[in-house]
Amino acid sequence: MPCEKQPRFLILYGSQKGQAQSIAEGIADEAAEHGLVAEISCLSRHEEYRLERESAPVVFIVSTTGDGEPPDTTLKFVKTIRAKTLPSDFLKNLHYTLLALGDTNYANFCNCGKTIDKRLQELGANHFYATGHADDGTGLEVVLDPWIEGVWDAIKAALSKMSSSSHPPLKETLSDMTKENPAPTSPPHVELNRLSLADNKTPDSIKAPFDSDSKLTLGGLPSTEVTGLSSESDVAAAKSAQEAQTDQVREECVVAEPSLTYSLPPLSQSSLNVPALPPPYLEVTLLLEDKAEKFNSSLHTETFYEVPVTNAVQMTRGDSVKKALLLELDISAHPTMTYMPGDSFDVLCPNRASEVDAVLLRLGLQDQKHQRVQLAVRRDTQKRGAQTPPHVPDNCTVQYLLTWCLEIRSVPKKAFLRALVDCAGDSGQKRRLQELCSKQGSADYNRFIRDSSLCLPELLTEFSSCTPPLSLLIEHLPKLQPRPYSAASSTLRHPGRLRFIFTVVELPACPGRPEGRRGLCSGWLADLVAPVLVCPGTDESSCGQAQLPQIHVRMRPSGTFHAPTDPTAPLIMVGPGTGLAPFLGFLQQREIERRDSPEVAFGETWLFFGCRHKDGDYLFREELEGFVSSGTLTHLKLYVQHNLRLHSQRVSRLLLRHDARLYVCGDARNMAKDVNDTLMEMVRAELQLDQLGAMKTLAALREEKRYLQDIWG
């Protein structure tokens, strides 16, 4: 009797840093448990799917980057579906659902997902399940977990409705998807209830469908169960858990608060729903130097330019809360490396050497760190569409891999914690890792890992019995991303030079991090320029003849965050601290344009700049006061919110009645929100609107590109 083919559905993802891809792959891996076959593809691989001919349900997982922009992998898809030549029924046969990832700390929350969703509807596509908007600002799992929980029944229902007059779509190759398929009959209307943070459903309120046979009772604590265990080591851990639980109870007698490594009742005595073990898919072979092909590290940086740091100045004084540095790069040797004020650029930085050494030591690879890494997909893997990660170059050394390729500072996801369970030798630590990756342990995961930005080296320090293989790190750690910085200069003032300013980020000590640590790139840059750094009260000659450090950079031209092309348009800039950076370029350029075009009536320029102490962190004070003296800067105001309210009427009228442009640059989590709230108050007062009316007015300004943000988390 022939085997019955399983019904299929398609997953399409658009990801910038790997988050959406990871979620999409997790759904694909889980499909078989629900009797389904998932085809998965990145939206950038447009040759692998044809939505207008797709005969199976489609699940979109898309993130948002920058100021509400699509990920790089999604740009072409968004452009394609936005084509005005497409008829309104172009996607009438498409049945889809969409999960949008975003962060409410940024203004255009889930904008890419919302844009795609809206356009698909305009082209006649049909929802078969509620759109989810997951918020990284509060924890993606709040929406993500229940959304995934419910999507399986929705897919099956959609398949049933779509096959009501024909056979259900069966598994086929991606190439088959491009063949002409008969259009299915339209399914009945599906009423949608959108998932949001306001919904009553939370991950803990939805019971995961685990096999009752996999439920293991831990001896000594009859109420304690762990469900969803799938490996022999899980079973062994459960059988030996009585000793660990006893130790835990003893510990609880002296520990009044839970910590990263210890929990308290009720969690320590609760049944746990842990995720399924992610299927391993990589095989790692280490080769000696004479047996490996030569590795060319320049290929890994081929899109970057290596440029010297010609000047490094500390802008803040010693008593300042934060340390801000100005660096100047010489880009004159690269004529194609051009930029405009408002553009940003990427800096390629390595992982910290001490943290790489700590990982090498834990993995037992310190003596093999110079051996070459050769990757292959395991023949026995259960992971669908498994492939070797493109960000790991062929034949790179173990040390190079951990230094330049993997983001070892990334916050471990729950799937990674689940995989680490099997790598812990201590049964108590196994149990705690299970708790942290479980639904019941979500609060502890957020408190001790996510909110603290805990990373792999810190986690391994606390879980001393955990020794993962190198393959597990490559499978679960994302690509080491370059860090973006805003240009703080204009080539009209500084030809052949690129300036930028940054604060050296300090992460405080916390449970799991006994000592504070500096931001990865800002700390590396500070160490790199230390020998040539000019501090307040010193001159450049005191730095001696130290060799100029080199860094790798590439430009990231901004699509919108540029000064208005109309010089008569008023310009309002809000940039506390190092958020001042792009506006220095704006003002340098405008000063030269005013000098070269004295007949032009330039519009007003306002700068709202925030600093805590005028004598400590008033950045570029002399240059800003010089802009005021020359007439380039009409109004310079310190203390952002206070002065926005103080000059509310004038600023509101410039913005609402005189076609002004408003630019905000700086911290997303606090400043940008506060500024937006203040603007809301100003608009309400000026136009006599209610809250909703003011929100719509600001949204319209964003749509017209007259309210722009360059913000970071």
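**Close-up views of a six-stranded sheet**

**View 1. Pairing of β11 with its neighbours β12 and β19.** Strands β11 and β12 are joined by five bridges in the antiparallel sense, where strands are DSSP runs of E of at least two residues, numbered from the N terminus, and two strands pair if DSSP finds at least two bridges between them. Asn 311 has Glu 328 of β12 as its bridge partner. Four antiparallel bridges link β11 (residues 305-314) to β19 (residues 550-556), and Glu 306 stands opposite His 552 in β19. The model is predicted, with local features requiring pLDDT of at least 70 and side-chain atom pairs pLDDT 80 or more, while totals for chains, interfaces and linings use all residues. Residues are numbered from 1 along each chain as its sequence is written, and side-chain values use heavy atoms, leaving out hydrogens and water.

**View 2. The enclosed strand β12.** Seven of the seven residues of β12 are buried (under 20% relative accessible area, 1.4 Å probe, protein chains only), so the strand is largely enclosed by the rest of the structure. Ala 324, Leu 326, Glu 328 and Asp 330 point one way, whereas Leu 325, Leu 327 and Leu 329 point the other way. β12 also pairs with β16 over seven antiparallel bridges, and Leu 329 has Leu 498 as its bridge partner in β16.

**View 3. The whole sheet.** The six strands form an open, antiparallel sheet in the order β15-β13-β19-β11-β12-β16. Its edge strands, β15 (483-486) and β16 (497-503), each pair on one side only.

Notes
Buried < 20%, exposed > 50% of the residue type's maximum accessible area, 1.4 Å probe, protein only.
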